[in-house]
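Good morning, and thank you for coming. I would like to take you through one protein structure, going from single residues to the whole. Please bring it up on the screen.

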Amino acid sequence: NQIAAWAARKETADVTVSVNISARQLRLPNFVQTVLETLDASGANPHSLELELTESMLLDDVEDIIAKMSQLKAHGLRFSLDDFGTGYSSLSYLKRLPLDQLKIDRSFVRELITDASDRAIAQAIISLSQAMGLNVIAEGVETEEQRELLVDLGCNSYQGFLFSRPLPVEEFQLFLCANDGATDPCVQEISLCRAS
């Protein structure tokens, strides 16, 4: 419903909503049907919805996961692999997943400036993403120094407190209006939080 509402407003028409899905949800036999019916009922554009998976979800029945992702991707949905580098995914599965984006986990960004191993891992994820034609985004960017180093490594999309804390929908809309509907083009994600 929020995607459909934002599509009607100039300042939010191009916003993509990323939704984390759980392993339990993905394993449901009617998961694909439920997602497509929900999009249809809301009138939301499937191209404006990105589903985020974690590597740990790939441990069980990866063939079923690939089949479900492929069905949804055929309808225009996008997929992101969250917390990349922290799980147990196989590179042979990675090449078969219909992904659009890898997310560098915040645990590698936190010590990026001082830890050569974290820098090497971030560089490897960026290089892998570029070689596979995937977008890459760094999570947990909190300082300008981290952002600048990520730029030097070839990453140009970020999310984190450097740009904004999680915002309720109303504050997010005000944030966009204050910036004439355009945040920094490199800021790919602003987290939304639900009002209690």
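Ala131 lies in helix H7. The model is a predicted one, and the values I quote are computed from it. Is Ala131 buried or exposed? With a relative accessibility of 70%, Ala131 counts as exposed, since the cut-off for that class is over 50%. Ala131 and Ile21 are 110 residues apart along the chain, and 26 Å separates their C-alpha atoms.

Shortly after comes the loop that links H7 to S5, where we find Gly133. Gly133 is exposed as well, its relative accessible area being 64%. Its C-alpha atom is 8.1 Å from that of Asp100, although their positions lie 33 residues apart along the chain.

Let us turn to helix H8, which covers residues 144-153. Which of its residues are buried? They are Gln146, Arg147, Leu149, Leu150 and Leu153. Viewed down the helix axis, these buried residues fall within an arc of 165°, and therefore they line one face of H8. A general point helps here: an α-helix has 3.6 residues a turn, so residues three or four places apart point the same way. What do the buried residues of H8 pack against? Their partners are helix H6 (106-109), helix H7 (116-131) and strand S5 (135-138). After H8 comes Gly154, with a positive phi near 105°.

Helix H9, residues 169-178, can be read in a similar manner. Its buried residues are Phe172, Gln173 and Leu176. They cover an arc of only 100° around the axis, which places them on the same side of H9. On the other side of H9, the exposed residues are Glu170, Leu174 and Ala178. The buried residues of H9 pack against helix H1, residues 2-7.

I now come to the strands, and I begin with S2, residues 49-54. Why can S2 be called largely enclosed by the rest of the structure? Five of its six residues are buried, and that is the reason for the description. S2 has a partner in strand S1, residues 17-20; the two pair in the parallel sense over four bridges. Within that pairing, Val19 stands opposite Leu51 of S2. S2 also runs parallel to strand S3, residues 78-84, and five bridges join them. Here Leu51 stands opposite Phe79 of S3. Leu51 thus has Val19 across from it in one pairing and Phe79 in the other. Helix H4, residues 62-73, completes a right-handed β-α-β unit together with S2 and S3.

Strand S3 also contains Asp83. Its phi is positive, about 55°, although Asp83 is not a glycine. How much of Asp83 is accessible? Its relative accessible area is 24%, and Asp83 is classed as partly exposed.

A further residue to locate is Pro98, in the loop between helix H5 (91-94) and strand S4 (101-104). Pro98 counts as buried, at 14% relative accessibility, because the limit for that class is under 20%. Pro98 and Asp83 are 15 residues apart in sequence, and their C-alpha atoms are 17 Å apart in space. What does Pro98 touch, once neighbours within four places in sequence are set aside? It is in contact with Ile66, Met69, Ser70, Lys73 and Phe79. Phe79 is the residue we met opposite Leu51.

Finally, let us step back to the whole protein. It has nine helices and five strands. From the N terminus on, the order of elements is α-β-α-α-β-α-β-α-β-α-α-β-α-α. For 196 residues, a compact globule would have a radius of gyration near 16 Å, and the value of 17 Å for this protein agrees with that. Along the principal axes, the C-alpha atoms fill a box of roughly 50 × 45 × 30 Å. Of the 196 residues, 40% are buried. If we take contacts between residues at least 6 apart in sequence, 65% of them join residues at least 24 apart. The protein exposes about 10500 Å², and carbon and sulfur atoms supply 50% of that area.

That concludes my presentation, and I thank you for your attention.

Terms used
Residues are numbered from 1 along each chain as its sequence is written. This is a predicted model: local features need pLDDT of at least 70, side-chain atom pairs count only at pLDDT 80 or more; totals for chains, interfaces and linings use all residues. Side-chain values use heavy atoms; hydrogens and water are left out. Buried means under 20% relative accessible area, exposed over 50%, partly exposed in between (1.4 Å probe, protein chains only). Two strands pair if DSSP finds at least two bridges between them. A crossover is right-handed if, with the strands pointing away from the viewer, the path from the first strand over the helix to the second runs clockwise. The arc is that of the directions from the helix axis to the C-beta atoms. Contact means heavy atoms within 4.5 Å. The radius of gyration is taken over C-alpha atoms; the globule rule is 2.2 Å times the number of residues to the power 0.38. Accessible areas come from the Shrake-Rupley method with a 1.4 Å probe; for residues, only the protein chains shown count as cover.
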